[in-house]
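Work through the exercises below with the structure open beside you. Try each task on your own before you read its solution.

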Amino acid sequence: MILFLGSPYTKIMRMMVKHATRKRALGWAKESKRRFYSTMTTAPNAWKDNKSSQILLSPPLVSLDVPEIWGANSNHYDPSSGPKRSDVQLATIIDGKSIAEEIRLRIASEVQRMKEYMGKVPGLAVILVGQRKDSQTYVRNKIKACEEVGIKSVMAELPNCCAEEDIIAALLKFNEDPSVHGILVQLPLPEHFDEEKILNVLSLEKDVDGFHPVNMGNLSMRGREPLFVPCTPKGCLELLIRSGVEIVGKKAVVIGRSNLVGLPMSLLLQAYFG
């Protein structure tokens with residue numbers, strides 16, 4: 001089974017496991033305390049002699065197996081109920097950093113050849129609206145990646161209080177600029193903007209994020225090829241393919257259905273491996 005998790009869902013899953021582990025530990029603490037006082041009440045002499053009573057100790061949290069189903073009234077841990085080692089399928093670690101480095105080196109070589117033979121390099125324009133920390137980080141990483149491989153990058157940074165027409169004007173400017181070959185509108189936009197209206201202005205031939213309705217529509221239809229595919233879902237498949245993971249015939253679970261990751265991820269799987 002192949003599991004795809006968007007970053008918000010990864011955080012949620014970590015929080016759920018942490019909460020469940022804490023709940024189990026608290027259950028052990030309560031049970032230990034109850035048995036301790038029960039022993040003190042029913043057998044004080046035996047307790048003093050330290051012969052017939054023992055203190056119940058909880059297992060270390062590191063060795064605590066988290067069961068798939070948590071019973072509502074469960075406060076007892078049974079090691080025999082956990083998965084057997086022989087039944088556990090070992091996970092394969094995908095080295096994303098080395099794969100990314102390999103791709104960057106290849107792109108840098110192609111950009112250099114393009115510069116030598118044509119006197120031009122690809123140009124990427126980014127439109128950033130507002131002060132979201134995560135969006136600023138994403139844009140900063142994109143610009144850094146462009147610099148590493150020799151791609152020209154420009155950015156239009158607009159305040160959260162700007163008018164919708166200001167964003168459209170920046171888009172139209174990049175649409176007409178022959179030195180700009182790809183345009184990214186950093187999403188999500190602030191809530192008071194009409195995201196669909198803005199993305200519709202984006203030139204189809206420069207929609208490198210693949211979010212234009214025509215690109216998304218072509219991705220969802222058999223026999224059609226989008227000009228660009230959303231980068232995060234494509235990156236997930238790229239990692240699997242380059243790592244030798246056989247995708248055809250597998251059951252894939254996509255958690256999340258956002259237009260940025262979940263939806264295009266499911267469409268990609270259906271279009272190329274369904």
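**Exercise 1. A cavity and its walls**

Which residues line the second largest cavity?

Solution. Keep in mind from the start that this is a predicted model. Begin with the search of the whole structure, which finds 2 cavities of 30 Å³ or more; the second largest of them has a volume of about 30 Å³. Next, collect its lining, which is made up of Ile183, Leu184, Val185, Leu187, Leu199, Leu202, Asp207, Asp209 and Phe211. Then sort these residues by character: 7 are nonpolar, none is polar and 2 are charged. Finally, look at where they come from, and you will see that strand S4 supplies the largest share of the lining, with 3 residues.

**Exercise 2. The strand beside the cavity**

Describe the surroundings of strand S4, beginning with its two faces and ending with the loop that comes after it.

Solution. First consider the faces of S4: Gly182 and Leu184 point to one side, Ile183 and Val185 to the other, and all four residues are buried, so that both faces are covered. Here a residue counts as buried when its relative accessible area is under 20%. Second, find the neighbour in the sheet: strand S2, residues 123-129, runs parallel to S4 and is joined to it by 4 bridges. In one of these pairings, Leu124 has Gly182 of S4 as its bridge partner. Third, follow the chain onward from S4 (182-185) into the loop that leads to helix H6 (195-201), where you will meet Pro188. The peptide bond that joins Leu187 to Pro188 is cis, with omega at about 0°.

**Exercise 3. Salt bridges around Arg242**

Which side chains meet Arg242 in salt bridges, and where in the chain do these partners lie?

Solution. By the rule used here, the structure counts 7 salt bridges. One of them is formed by the side chains of Glu102 and Arg242, with an N to O distance of 3.0 Å. This pair links distant parts of the chain, since Glu102 belongs to helix H3 (residues 96-118) and Arg242 to helix H8 (residues 231-242), 140 residues apart. A second step shows that the side chain of Arg242 also meets that of Glu238 in a salt bridge, at 2.6 Å from N to O. Here the partners both lie in helix H8 and are 4 residues apart, about one turn of the helix. To place these residues relative to the surface, check their accessibility: Glu102 is partly exposed at 49%, Arg242 is partly exposed at 32%, and Glu238 is partly exposed at 28%. Elsewhere, salt bridges that share partners join Glu101, Arg104 and Glu148 into one network.

**Exercise 4. Glu110 and its partner**

Where does Glu110 lie, and how far from Gly150 is Glu110 in sequence and in space?

Solution. Glu110 is found in helix H3. From Glu110 to Gly150 there are 40 residues in sequence, while the C-alpha atoms of the two are 9.7 Å apart in space. The side chain of Glu110 forms a salt bridge with that of Arg106, at 3.2 Å from N to O. Because Glu110 and Arg106 are 4 residues apart in helix H3, about one helical turn separates them. Both partners are partly exposed, Glu110 with a relative accessibility of 36% and Arg106 with one of 40%.

**Exercise 5. Cysteines without disulfides**

How many disulfides does the structure hold?

Solution. Recall that a disulfide is a covalent bond between the sulfur atoms of two cysteines. The structure holds 0 disulfides. Take Cys231 as a worked case: the nearest cysteine sulfur is that of Cys236, 9.7 Å away. A disulfide would need two cysteine sulfur atoms within 2.5 Å, and Cys231 is in no disulfide. As for their settings, Cys231 is partly exposed at 45% relative accessibility, whereas Cys146 is buried at 6%.

**Exercise 6. The whole chain**

How many helices and strands are there in the protein chain, and in which pattern do they follow along the sequence?

Solution. The protein chain has 9 helices and 5 strands. Reading along the sequence gives the pattern β-α-α-α-β-α-β-α-β-α-α-α-β-α. To finish, note that buried residues account for 29% of the 274 residues in the protein chain.

Key:
Residues are numbered from 1 along each chain as its sequence is written. This is a predicted model: local features need pLDDT of at least 70, side-chain atom pairs count only at pLDDT 80 or more; totals for chains, interfaces and linings use all residues. Side-chain values use heavy atoms; hydrogens and water are left out. On a 1 Å grid over the protein atoms alone, a cavity is a set of points where a 1.4 Å probe fits but cannot get out, and a pocket is an open set with protein on both sides within 12 Å along at least five of seven lines; lining residues have an atom within 4 Å of a point. Grid points are joined across faces, edges and corners, and a volume is the space filled by probe spheres set on the points. Ala, Val, Leu, Ile, Met, Phe, Trp, Tyr, Cys and Pro count as nonpolar, Asp, Glu, Lys and Arg as charged, and the others, Gly among them, as polar. Buried means under 20% relative accessible area, exposed over 50%, partly exposed in between (1.4 Å probe, protein chains only). Two strands pair if DSSP finds at least two bridges between them. A salt bridge is a side-chain nitrogen of Lys or Arg within 4 Å of a carboxyl oxygen of Asp or Glu.
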